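Morning, everyone. I have one structure for you today, and I will keep it quick. Have a look at it first.

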Amino acid sequence: MKNKKFMWIIGIFSFAAAACAALTAFLIIKDKQKKDDEELMEYLDNSIE
């Protein structure tokens, strides 16, 4: 019985760690995409002039 409770705790912590890693990766990718878009717009604005 105690082993089953321990496995549940490990499972919950594993799920939380995986969720945090996925969220962090998503936010990093979105930030990089935003920076790339800003650089592209700046390049296009400068190339028109």
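Let me begin with salt bridges. The count comes to 2 salt bridges. Keep in mind that this is a predicted model.

Take Asp 31 first. Its partner is Lys 35, and the closest N and O atoms sit 3.6 Å apart. The cut-off is 4 Å between a side-chain nitrogen of Lys or Arg and a carboxyl oxygen of Asp or Glu, so the pair qualifies. Both residues lie in helix H1, with their positions 4 residues apart, about one turn of the helix. How accessible is Asp 31? Its relative accessibility is 38%, so Asp 31 counts as partly exposed. Lys 35 is partly exposed too, with a relative accessible area of 47%.

Now the other pair. Lys 32 bridges to Asp 36, with the closest N and O atoms 3.2 Å apart. These two are also in helix H1, 4 residues apart, and so about one helical turn separates them. Is Lys 32 exposed or buried? Lys 32 is at 51% relative accessibility, so it counts as exposed. The line for that label is over 50%. Asp 36 has a relative accessible area of 37%, which means partly exposed.

Next, the whole chain. What does the secondary structure come to? The answer is 1 helix and 0 strands. That helix, H1, covers residues 2-48. Along its principal axes, the C-alpha trace spans about 75 × 5 × 5 Å. How much of the chain counts as buried? Of its 49 residues, 0%. About 5000 Å² is exposed, and carbon and sulfur atoms supply 70% of that area.

On to some distances. Lys 5 is in helix H1. With a relative accessible area of 59%, Lys 5 is exposed. From Lys 5 to Glu 39 is 34 residues along the chain, and their C-alpha atoms are separated by 51 Å. Here is another pair. Ile 28 is also found in helix H1. Ile 28 has a relative accessible area of 54%, so this residue is exposed. Ile 28 and Ile 48 are 20 residues apart in sequence, and C-alpha to C-alpha they are 30 Å apart in space.

Now charge. The chain carries 7 positive and 8 negative side chains. How far apart are the centres of the two sets? They lie 28 Å apart.

Which residues gather in a patch of negative charge on the surface? They are Asp 37, Glu 38, Glu 39, Glu 42 and Asp 45. Glu 39 is also the far end of that 51 Å separation from Lys 5. Look at Asp 37 in this patch. Asp 37 is found in helix H1. Its relative accessible area is 42%, so Asp 37 is partly exposed. Patch members need over 30% and no salt bridge, so Asp 37 clears the area cut-off at 42%.

There is a nonpolar patch as well. Leu 40, Met 41, Tyr 43 and Leu 44 make a nonpolar surface patch of about 420 Å². Met 41, one of its members, has its place in helix H1.

To recap. The chain has 1 helix and 0 strands. There are 2 salt bridges, Asp 31 with Lys 35 and Lys 32 with Asp 36. On the surface, there is a patch of negative charge and a nonpolar patch. That is it from me.

How values were computed
Residues are numbered from 1 along each chain as its sequence is written. This is a predicted model: local features need pLDDT of at least 70, side-chain atom pairs count only at pLDDT 80 or more; totals for chains, interfaces and linings use all residues. Side-chain values use heavy atoms; hydrogens and water are left out. Patches are made of residues with over 30% relative accessible area and no salt bridge: like charges are joined within 9 Å, nonpolar side chains (Val, Leu, Ile, Met, Phe, Trp, Tyr) within 5 Å. Accessible areas come from the Shrake-Rupley method with a 1.4 Å probe; for residues, only the protein chains shown count as cover. Lys and Arg count as positive and Asp and Glu as negative; His and the chain ends are not counted. The place of a charge is taken as NZ of Lys, CZ of Arg, CG of Asp or CD of Glu. Buried means under 20% relative accessible area, exposed over 50%, partly exposed in between (1.4 Å probe, protein chains only).
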